[in-house]
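Dear colleague,

I am handing over the structure we spoke about, and I would be glad if you could look through it with the notes below at hand.

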Amino acid sequence: MENQTEVSDFILLGLTNLKGLKHLLFPFFLLLYIANVLGNGTIIVMIVAEPRLHTPMYFFLGNLSSLDICFSTVAVPKMLSGFLSENQTISFAGCLAQLHFFHLLGSSEAMLLAVMAYDRYVAICNPLRYRLVMSPQTCLLLAAATWSIGFLHALMSTVMICRLHFCGPNLVYHFFCDIKPLLSLACSSTHLNLTLLNIDAGVLGLSSFILTLFSYIYIISFLLLKVHSQESRRKAFSTCASHLTVVFLFYMPSISNYMISFPGFPSERDMIPTLMYCIITPVLNPLIYTLKNKEVKSTLKKFLNRKLFPERI
């Protein structure tokens, strides 16, 4: 691949140019990032340390927490440094790396949410075969598939950006290097990039969303038509409620950013959905799973009591 790039670095304009507002946003997003790492890190440690949580559902939840930490880490530290400096410069190679890992982790999370929905479908609608269908080997294979699909999606996005010619300007109207802001800076034709991106985003995003949607349609139909125990229904709906909330918080801003609005030039409005699924949602996920899932909540309490007050046990 011939590198025709003349621009050696880019300047990320970030969320705002107002110094006073930057000083307010820095502690706010720093606290959100710390809450993300601590919350999701606690879930990962709890799942690894507690044998009763060594089940497919919590294996995938641990994967989700790992993705959330890495997903935010790709963009947030660079954004925080921009609040403290005049010009937030990033090299062309660094920009490509940020773009690659952001789409690797984001698309992997989209596929993982679909896998988690399928796991709930098997557990609720076919409980007698659950251990057989969702065996440890199957869980590892599904987790590897989500990461592999994410890697292929990110690789295609990165390669397609590499083939473009950038001759200036180098001002990126975003807080990290994303596809849409970079395409608006290209001097060469972006028609092929836009076509492939629309196809790729549509196939990847819609396929995972449709799989998730149909899994829950079947789950709800099964519970309403074939399960007559109110207690069983309540327990099943309680288990699914947390995952449905996470699905909604992730897919809605993602779809609006990559599949509904796709202008030729980026706008400040494109940053709002990105902030939602990149920063806000990873912070909310641990709260959602602990507040809506009684098993996680009780296990977390026992885990923290055992670690903080070992003399009482």
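What follows goes through the sheet, the helices that pack around it, and then the empty spaces.

Please keep in mind throughout that this is a predicted model, and that every value quoted here was computed from it.

I begin with the sheet, which is open and built from three strands in the order β2-β1-β3, with mixed pairing. Its edge strands are β2, covering residues 88–91, and β3, covering residues 171–172, each of which pairs on one side only. The mixed character can be followed strand by strand: β1 and β2 run antiparallel and are joined by four bridges, whereas β1 and β3 run parallel and are joined by two bridges. Among the pairs on the antiparallel side, Asp9 has Ser91 of β2 as its bridge partner, and Phe10 stands opposite Ile90 in that strand. On the parallel side, Leu12 is partnered by Val172 of β3.

Two helices can be placed against these strands. Helix α2 lies across β1 and β2, and its direction is at about 140° to that of β2. Helix α3 also packs on the sheet, where it touches β1 and β2, and its direction makes about 85° with that of β2.

Helix α3 has a helical partner as well. It spans residues 92–125 and packs with α5, residues 136–162, at an angle of about 145°, the two axes being 7 Å apart. The crossing of α3 and α5 is right-handed. As for the residues that make up this contact, 15 are nonpolar and nine are polar, while none is charged.

Turning to the empty spaces, which residues lie nearest the centre of the second largest pocket? They are Lys22, Gly82, Ser85, Glu86 and Asn87, out of a lining of 19 residues. The volume of this pocket is about 240 Å³. Strand β1 (residues 9–12), helix α1 (residues 19–49) and helix α2 (residues 56–83) each contribute at least two residues to the lining, so you will meet parts of the sheet region again here. By class, the lining of the pocket has eight nonpolar, eight polar and three charged residues.Enclosed spaces were searched for too, and the search of the whole structure finds three cavities of 30 Å³ or more. The second largest cavity has a volume of about 90 Å³. Its lining consists of Met57, Phe60, Leu61, Met116, Asp119, Arg120, Thr239, Ser242, His243 and Tyr289. At least two of these lining residues come from each of α2, α3 and α8, the last of which spans residues 230–260. By class, five residues of the cavity lining are nonpolar, three are polar and two are charged.

With best wishes

Note on methods: Residues numbered from 1 in each chain as written. Predicted model: local features only at pLDDT ≥ 70, side-chain atom pairs only at ≥ 80, totals over all residues. Heavy atoms only, no water. Axes fitted to C-alpha atoms, helices over the stretch in contact; angles between N-to-C directions. Left-handed = near helix turned anticlockwise from the far one by under 90°. Nonpolar A, V, L, I, M, F, W, Y, C, P; charged D, E, K, R; others polar. 1 Å grid on protein atoms, 1.4 Å probe; cavity = no way out; pocket = protein on both sides within 12 Å on 5 of 7 lines; lining within 4 Å. Points joined across faces, edges and corners; volume = space filled by probe spheres on them. Pairing = 2+ DSSP bridges. Contact = heavy atoms within 4.5 Å.
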